[in-house]
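New to this one? Take a moment to look it over before reading on.

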Amino acid sequence: MDKNTILTMQGIVKSFGVVRAVTNGHLELKKGEVHALVGANGAGKSTLINILSGSLRPDAGIISYNGESTVIPSPLRARALGIGKIHQELQLVPELSVGENLFLGREPRTKLGFVHYDKLFADTAAIMASFDLKVSPKTKVKELRVGEQQLVEIAKATSLNARIVIMDEPTSALSKHETKKLFDVVRHLKSDGVSVIYITHRMEEVFEITDRITVMRDGAYIATVETAVTTREDLVRMMVGHDLAKTSTPAQTSAGAEILRVEDMCLTFPPFYKKANLQHISFSLHSGEVLGIAGLMGAGRTELFECLFGLHARAMSGQIRIDGKQVSLRSPQDAIRHKIALLTEDRKGQGLVLSRSIGENISLPILKALSSWIFVNMKRERPLWRRQMENMQIKAPSFHTLAGHLSGGNQQKVVIGRWLLTDPRILLLDEPTRGIDVGAKEEVYQIISTLSKAGKGILVVSSELPELLDICDRILTFCEGRLTGEFARSEANQEVLLNAATLSTSFH
Amino acid sequence: MENTATKPSAVLQIRTVLSKFQSVLGLAAVFLVASVICVRGDKNLFLQPNNLANVVRSISENGIIAIGMTLVILIGGIDLSVGALVGLTATAAADLMVIKGLPMVPTLLIVLAIAIAFGVFNGVISTKLGVQSFIVTLAAMSIARGLARFWSGGIGIPIAYGDAPGMAPPAFSVFGDRLYGVPVPAICFLIITLIFSVLLKYTKFGRHVYAIGGNETSAYLCGVNVDGVKILVFTLCGLLAGFAGVIHAAQLSQGSPNDGTGYELNAIAAVAIGGASMAGGKGVVIGTVMGALILGILDNMLGLKNIDNNMQLIVKGLIIVVAVVLQREKKR
């Protein structure tokens with residue numbers, strides 16, 4: 001074995017019940033390299049990484065660390081070995097300060113055994129400075145922006161004298177500027193001889209920051225390649241197993257009648273509330289139109305959707321008109337009754353009941369229509385389940401499979417399949433392709449295109465500007481709760497949008 | 001179909017079956033032990049028809065309460081007021097019939113209305129005012145117990161049957177009686193088990209209960225009337241506790257304001273042994289029934305062996321721990 005190799009994982013197998021998540025996991029990591037782990041959703045990346053970080057135990061396979069065969073039975077053991085993981089979902093304690101979070105479980109003590117807070121905060125300040133993060137060590141984590149929280153999480157993992165740092169989609173909540181900072185940190189780690197395993201769906205990041213790439217597909221190892229001699233096309237081919245058709249540009253649909261109109265919408269939360277306020281938002285959506293909403297974190301994009309779905313009736317003012325008639329949306333029930341569907345950004349936390357089956361999840365919003373008196377008519381719902389499984393191409397043994405056992409892409413398809421059964425006229429899609437692989441993305445774009453041709457009005461929030469430019473007829477930009485721009489497809493490009501999304505003045 | 005989804009191995013299948021019927025197997029084991037060790041001379045004390053009828057009768061009360069508790073635990077809540085409600089409704093039933101001279105039907109209506117009122121109170125305060133159910137029902141427990149003692153002046157009211165003043169209508173004794181040798185409480189328990197099994201498995205309400213317990217936000221965003229379902233759950237739990245109180249009064253021929261103490265813990269124990277998750281979203285009525293049967297047989301067996309009451313408590317506690325440890329989610 002190469003002396004430069006710090007870690008090898010070979011022949012890793014892991015099943016959850018009847019679902020085999022990893023059939024042949026393989027990874028070889030050199031000292032001081034940035035190594036990308038890529039693959040479609042359900043390829044087994046997360047499972048492999050959870051095995052490495054001690055959260056899961058493999059059914060079979062060998063892990064050797066520094067040339068010695070090892071078992072990693074717990075996250076604690078992984079940490080002791082010098083393997084640190086930055087989670088996709090943040091794992092900080094919101095009520096504790098930045099410093100207390102960084103040193104959680106290894107607080108410096110005074111001679112009497114109390115926490116040595118002076119030292120703790122001084123050490124934290126030093127670490128924060130190396131990350132160019134301008135927050136006080138005494139600030140509670142819940143008061144930080146998501147991007148800042150992510151950097152704290154990264155600081156925590158790297159300050160543990162880690163030899164291997166695992167980053168799972170670290171930039172999904174970061175702004176451009178914060179991403180740049182993160183890359184500086186990664187380069188810094190690398191020069192210290194730390195190895196970084198970098199998981200991402202963003203191709204440009206793979207090519208910008210990594211040295212080598214390992215590709216997985218359907219739970220199995222496909223290949224490890226040098227980044228410098230690999231093209232994007234090669235990578236995509238390895239990930240999906242065949243050439244991908246060129247991204248189809250949806251036919252320009254002629255927008256129909258106005259379906260939704262928002263007038264002077266304001267949303268006001270108490271100070272320090274973790275949600276963004278909205279100020280005097282007015283726009284309209286036409287039937288058959290795909291309207292994109294661009295903006296940075298905290299711009300109020302998600303909050304706009306929540307208002308349109310009846311979640312903030314008390315904090316909101318202004319008018320919402322559907323087909324010209326003013327409507328009062330005070331609850332999700334009201335919104336569903338007005339044929340509005342919301343695809344939330346956070347599939348696991350807000351979208352699915354993970355402990356129930358695919359079928360029950362699909363039925364949930366339309367149970368009333370599927371029931372006679374109090375009883376659910378199973379004869380009517382089964383064919384619907386079967387149809388949506390096929391239409392959405394959900395990959396699962398059956399519709400009785402628990403939603404929690406599915407991969408991210410398949411979960412997203414379950415959520416979309418569920419909402420299409422409510423026969424919505426207005427769809428609110430919040431980051432519909434976040435954390436989804438290229439193949440599934442294409443399928444989602446196809447669905448959006450089909451729906452707009454069928455005369456639905458579609459609002460799409462996305463952090464990926466190329467995606468908005470590709471699928472939208474019109475794009476609005478938001479900045480800090482204000483509407484700062486409106487662009488027809490023909491006049492928009494990334495620069496124009498980014499510019500408007502960082503504007504400090506409102507657009508009228 | 002995806003090639004990663006393959007046939008489960010035989011070992012895995014056996015393990016799945018074992019864990020699925022764990023509570024049934026536990027019941028069979030306890031039953032077996034009881035029928036083997038409770039022998040005196042050539043007489044099997046446990047398997048005597050009379051004794052078995054006693055077991056079934058004595059578990060019916062706890063079983064009925066535990067079914068209500070199952071619903072509450074499924075939505076991620078807890079109801080500590082059920083024991084005190086048994087005391088209150090038993091006392092109320094005895095007082096209304098014996099002292100106030102009311103006939104049976106109005107008595108039942110009033111008593112069950114009181115139980116429902118407590119359930120609604122628990123549900124409304126916990127949902128609309130956002131107080132944790134542990135706290136609300138703790139308060140309701142105190143209120144119900146206080147009300148029962150206040151009502152009867154702190155003493156039990158004996159129930160004698162007859163048409164004279166100061167006697168309860170003979171019809172009420174049906175709840176302490178037998179039908180073709182089967183205790184009526186057991187028949188009630190069986191009917192309630194069937195009703196609630198069907199309710200959870202085949203109705204909108206049941207789906208909503210599981211969805212709320214599994215992911216409340218998701219259920220809310222899908223248009224489920226989360227507060228309404230939760231209030232209904234607490235109401236049903238109160239109603240069942242009230243009904244158990246009626247049976248309690250008929251069986252003991254008295255309504256005592258101090259009865260039912262600790263019954264909430266027995267009900268929670270039955271639910272836990274039955275495999276429900278205290279975090280909500282997971283559990284079935286039949287599991288709880290098994291749990292109640294296991295606890296009841298255990299009580300009866302230890303009684304037949306003349307084991308000290310306090311020792312019985314210790315054994316029961318250990319059994320709960322063992323049962324719950326055995327069915328905890330396998331660490332991945």
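Let's start in chain B, since a loop there makes a handy entry point. Tyr180(B) sits in the loop between strand S4 (178-179) and strand S5 (182-183) of chain B. Keep in mind that you're looking at a predicted model. Is Tyr180(B) buried or exposed? Tyr180(B) counts as exposed, because there are just 5 C-beta neighbours inside 10 Å, and the cut-off for exposed is 12 or fewer. The backbone has a quirk here too: phi of Tyr180(B) is near 50 degrees, a positive value in a residue that isn't glycine.

Another loop residue of chain B is worth a look. Asn306(B) is found in the loop between helix H12 (285-304) and helix H13 (309-326) of chain B. Asn306(B) isn't a glycine either, yet its phi is positive, at about 55 degrees. Asn306(B) has 6 other C-beta atoms within 10 Å, so it is exposed.

Here are the two loop residues together:

| Residue | Phi | C-beta neighbours within 10 Å |
|---|---|---|
| Tyr180(B) | near 50 degrees | 5, exposed |
| Asn306(B) | about 55 degrees | 6, exposed |

Now zoom out to the whole of chain B. Its secondary structure comes to 13 helices and 6 strands. The radius of gyration of chain B is 21 Å, close to the 20 Å that the globule rule gives for 332 residues, so chain B is as compact as a globular protein of that length. Along the principal axes, the C-alpha atoms of chain B fill a box of roughly 80 × 60 × 35 Å. Of the 332 residues, 47% count as buried. Among contacts in chain B between residues at least 6 apart in sequence, 76% join residues at least 24 apart.

Next, where the chains meet. The contact takes 31 residues from chain A and 26 residues from chain B. On the chain A side, strand S2 (19-30), helix H10 (332-337), helix H11 (347-351), H13 and strand S18 (375-376) each supply at least two residues. By class, that side of chain A has 16 nonpolar, 9 polar and 6 charged residues.

Helix H13 of chain A covers residues 367-370, and Leu370(A) lies in it. Leu370(A) counts as partly exposed because it has 18 C-beta neighbours inside 10 Å, while buried would take 20 or more. Leaving aside residues up to four places away in sequence, Leu370(A) touches Ser363(A), Val376(A), Asn377(A), Arg380(A) and Glu381(A). As for Val240(A), 130 residues away along the chain, its C-alpha atom and that of Leu370(A) are separated by 38 Å.

Notes
Residues numbered from 1 in each chain as written. Chains lettered and ligands numbered in written order. Predicted model: local features only at pLDDT ≥ 70, side-chain atom pairs only at ≥ 80, totals over all residues. Helix = DSSP H or I, 4+ residues; strand = E, 2+ residues; numbered from the N terminus. Contact = placed C-beta atoms within 7 Å. Nonpolar A, V, L, I, M, F, W, Y, C, P; charged D, E, K, R; others polar. Rg over C-alpha atoms; globule rule 2.2 N^0.38 Å.
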